[in-house]
Amino acid sequence: SFYPSSSTSSMSSSKWTKDNEEDLKQLANDADLIIACERAGPAADGNCYTMRGINMNEKGLIAPLHDIVTHARSSSSSSVDNIINN
């Protein structure tokens, strides 16, 4: 099983491999629950930014772990519910 470790979660998207992507897809298919806390996601242009507007993709500061939600939503074996706390 693949579980994002501190070394994987800090891996930049430029170092992300096809094997990492396949592992992430498998985890999305197998997961009963996905919780993402304070994790940057892509803006409309596909890049992730800090609060100061620094492009984290260009700087190699972020791994594309947000894709686990995308994979879970597209998986026929997974149901994804959004929980929003107001």
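## Close-up views of a four-helix model

**View 1. Q26, a residue of helix α2, and its distant partner in sequence, H71.** Q26 has a relative accessibility of 43%, which makes it partly exposed. What you're looking at is a predicted model, and Q26 belongs to its helix α2. Follow the chain from Q26 to H71 and you'll travel 45 residues. In space, though, the two C-alpha atoms sit 8.8 Å apart.

**View 2. The whole chain, before zooming in further.** How many helices and strands does the protein have? There are four helices and zero strands, so there's not a lot to label: going along the sequence, the pattern reads α-α-α-α. The protein has 86 residues, and 26% of them are buried. If you take the contacts with a separation of 6 or more, 57% come from residues 24 or more positions apart.

**View 3. The salt bridge between E22 and K25.** Enjoy this one, as the structure holds just one salt bridge. It pairs E22 with K25, and their closest N and O atoms are 3.7 Å apart. Why do these two residues lie about one turn from each other? Both belong to helix α2 and they're three residues apart there, which means a separation of about one helical turn. Neither partner is fully tucked away: E22 is partly exposed, with 39% relative accessible area, and K25 is partly exposed too, at 32%.

**View 4. E21, buried in helix α2 without a salt bridge.** Next door in the chain is E21, also part of helix α2. Is E21 buried or exposed? E21 is buried, and it has no salt bridge. The nearest side chain of opposite charge belongs to K25, 5.2 Å away; that's past the 4 Å limit for a salt bridge, so the pair doesn't count as one. As for who E21 touches, once residues up to four places away in sequence are set aside, the list is W16, D67 and H71.

**View 5. D67, a buried acidic residue of helix α4.** D67 is one of the residues in contact with E21, and its own place is in helix α4. D67 is buried as well, again with no salt bridge. Which side chain of opposite charge is nearest to D67? That would be K25, at 8.9 Å. Ignoring neighbours within four places in sequence, D67 makes contact with E21 and L24.

**View 6. N57 and N47, ten residues apart in sequence.** N57 is found in helix α3, which covers residues 56-59. At 24% relative accessibility, N57 is partly exposed; buried would need a value under 20%. From C-alpha to C-alpha, N57 and N47 are 6.1 Å apart.

**View 7. The second largest pocket and its lining.** The space in this second largest pocket comes to about 270 Å³. Two elements each give two or more residues to the lining: α2 (18-30) and α4 (67-74). How many residues line the pocket? There are 16, and those nearest the centre of the pocket are I34, I35, A36, L65 and I68. Sorted by class, the lining has 13 nonpolar residues, two polar ones and one charged one.

Notes: Residues numbered from 1 in each chain as written. Predicted model: local features only at pLDDT ≥ 70, side-chain atom pairs only at ≥ 80, totals over all residues. Heavy atoms only, no water. 1 Å grid on protein atoms, 1.4 Å probe; cavity = no way out; pocket = protein on both sides within 12 Å on 5 of 7 lines; lining within 4 Å. Points joined across faces, edges and corners; volume = space filled by probe spheres on them. Nonpolar A, V, L, I, M, F, W, Y, C, P; charged D, E, K, R; others polar. Buried < 20%, exposed > 50% of the residue type's maximum accessible area, 1.4 Å probe, protein only. Lys, Arg positive; Asp, Glu negative; His and termini not counted. Contact = heavy atoms within 4.5 Å.
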